[in-house]
Amino acid sequence: MMKKVVIVGGGWAGSAAALAARNTGCEVELFERADMLLGTGLVGGIMRNNGRFTATEEMIAMGGGELFEICDAYSRHKNIEFPGHKHVSLYDVSTIEPAVRRALLAVGIKIHLMARIKDVTVADGKIVKVIAGVLHNDEEFEACGDGFVDASGTAGPQGNCMKYGNGCAMCIYRCPTFGPRLSIAAKAGVKEIIGEKADGTLGAMSGSCKLHKDSLAPEIKEELERTGVCVIAVPPYLQKSMESLGQKACQQYALKEFAENIVLLDTGHAKLMSAYYPLGLLRQIPGCANARFEDPYAGGIGNSIRYFGMLPRDNALQVKSLKNVFCAGEKAGLLVGHTEAIVTGTLAGHNAARLALGLEPIEISRELACGDAIAYVNEKMQTKEGLTKKYTFSGSVYFDSMKKKNLYSINIEEIKKKVTLTNMIGIFAKRLA
Ligand SMILES: Cc1cc2nc3c(=O)[nH]c(=O)nc-3n(C[C@H](O)[C@H](O)[C@H](O)COP(=O)(O)OP(=O)(O)OC[C@H]3O[C@@H](n4cnc5c(N)ncnc54)[C@H](O)[C@@H]3O)c2cc1C
């Protein structure tokens, strides 16, 4: 009988896990509590900036590049720059989700939307079954599996945003409609890990919001659509302090340029690179007199709180103390970003399938940025200070470390050669069943 991998959470991590598990030849069922895939990726868009370029090309060479190729195909802008960030692509947040959904369905992945996993059955240290509740319905249904991936993210729910943020800002997670996120590993008894801010308070606030492009002055909209970027100087009396930038989940954007200016990016909406911006202040900035938030709806007040609920895991992304569960994306640690979620999702999905097929899980070599980042974050998360930072290929502490170790490159041939030398060429595209 065909082995089955069950994925919980359809963000970038879960979508990548589903594709990777399916590539091995296993049957795959994906559960998503909301009405669309991609989770926080529905409001993101920034790809290939700084070291993310290297990670993307490594994954393409390893045979796990399909989602990156979709992002490239759906990019509104390619190879642009904004402060501190080079060779950036911006995918279109309004068309990316259907494209990903079509790709998953085309290879025979069974997707359950508005199906929130609310319980699990555990036997002999393994999850054997997940139980889904169907939205607005008393109906429940079950799915058994041989391998499982927990890709349920770390955002919200409302209680955390109330306690550790500025209240529910009505973000894309839409907790009141679809119910709070829930981890299958936690349900199976694993203690989740909580990230901290530099001041020791818990969680981190999401670092960007979206403005309706038509609410901005026509010359800003025109510049955004032509170049992808618009940087507007903020009068000194309206500038945010550097400390306020330290609260952000995305520390790669906690640079002084982001306090002295507002940085807008064209992802379909105008992505404003600030966690939130009081509307009264925003509307005093030249060209923003009519500004209006699209995400979160209360972006003048706050944003979602993330980095609650990470899982202890090894470098193959197997959750500690569970025999057949892997984790990916934000669940796998303090790794921020779509690229990071796709990298970990691909490895977790591949390994869940390997385990289901009776094969040993693999790690990605530390000679590659993808493998090094997974191991580096694991090490850092064992320390109190490490828990206060966020890690990404695109900036801040991990990009610095990546450069020091000579892992950053934008030479595609050189990256392919490195992947070949580590024996990982095409590994995620190989059929195993
Ligand atoms: C406002 C904002 C802007 C961002 N912009 C960028 C950007 O431009 N570039 C970038 O690289 N990164 C960006 N990020 C970060 C990036 O989006 C995330 O780090 C990454 O996409 C996380 O992916 P994930 O799959 O781990 O988690 P999530 O995206 O949180 O996905 C988890 C999914 O699991 C589902 N789920 C949870 N519990 C259950 C359950 N019990 N049953 C079924 N489903 C469940 C959720 O509904 C969700 O869809 C941004 C984040 C935010 C919040």
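**Figure 1. Residues around the ligand in the predicted model.** In this predicted model, 37 residues surround the ligand, and Glu32, Arg33, Thr40, Tyr173 and Glu330 come nearest to the ligand. By residue class, the shell around the ligand comprises 14 nonpolar, 15 polar and eight charged residues.

**Figure 2. Polar contacts of the ligand with Lys271, Leu182 and Arg52**. For Arg52, an N or O atom of the side chain is 3.2 Å from an oxygen atom of the ligand. At Leu182 the backbone takes part: one of its N or O atoms is placed 3.0 Å from a ligand nitrogen atom. For Lys271, the distance between a polar side-chain atom and a nitrogen atom of the ligand is 2.8 Å. The protein buries 98% of the 1000 Å² that the ligand exposes when taken alone.

**Figure 3. Secondary-structure elements that contribute to the shell around the ligand**. The helices α1 (12-23) and α12 (338-356) and the strand β7 (115-123) each provide at least two residues of this shell. The greatest contribution is that of β7, which gives three residues.

**Figure 4. The annotated domain and its segment 273-358**. An unreviewed UniProt entry carries the annotation "domain: MnmG N-terminal", which covers residues 4-242 and 273-358. Within the span 273-358, helix accounts for 27% and strand for 9%. The C-alpha atoms at the two ends of residues 273-358 are 45 Å apart.

How values were computed:
Residues are numbered from 1 along each chain as its sequence is written. This is a predicted model: local features need pLDDT of at least 70, side-chain atom pairs count only at pLDDT 80 or more; totals for chains, interfaces and linings use all residues. Side-chain values use heavy atoms; hydrogens and water are left out. A residue is near a molecule or strand if one of its heavy atoms lies within 4 Å of it. A polar contact is a pair of N or O atoms within 3.5 Å; within protein, one must be able to donate a hydrogen and the other to accept it, and residues adjacent in sequence count only if both atoms are side-chain atoms. Accessible areas come from the Shrake-Rupley method with a 1.4 Å probe; for residues, only the protein chains shown count as cover. Helices (H or I, at least four residues) and strands (E, at least two) are DSSP runs, numbered from the N terminus. Ala, Val, Leu, Ile, Met, Phe, Trp, Tyr, Cys and Pro count as nonpolar, Asp, Glu, Lys and Arg as charged, and the others, Gly among them, as polar. UniProt positions are given in the numbering used here, feature names are shortened, and annotations may be inferred rather than shown by experiment.
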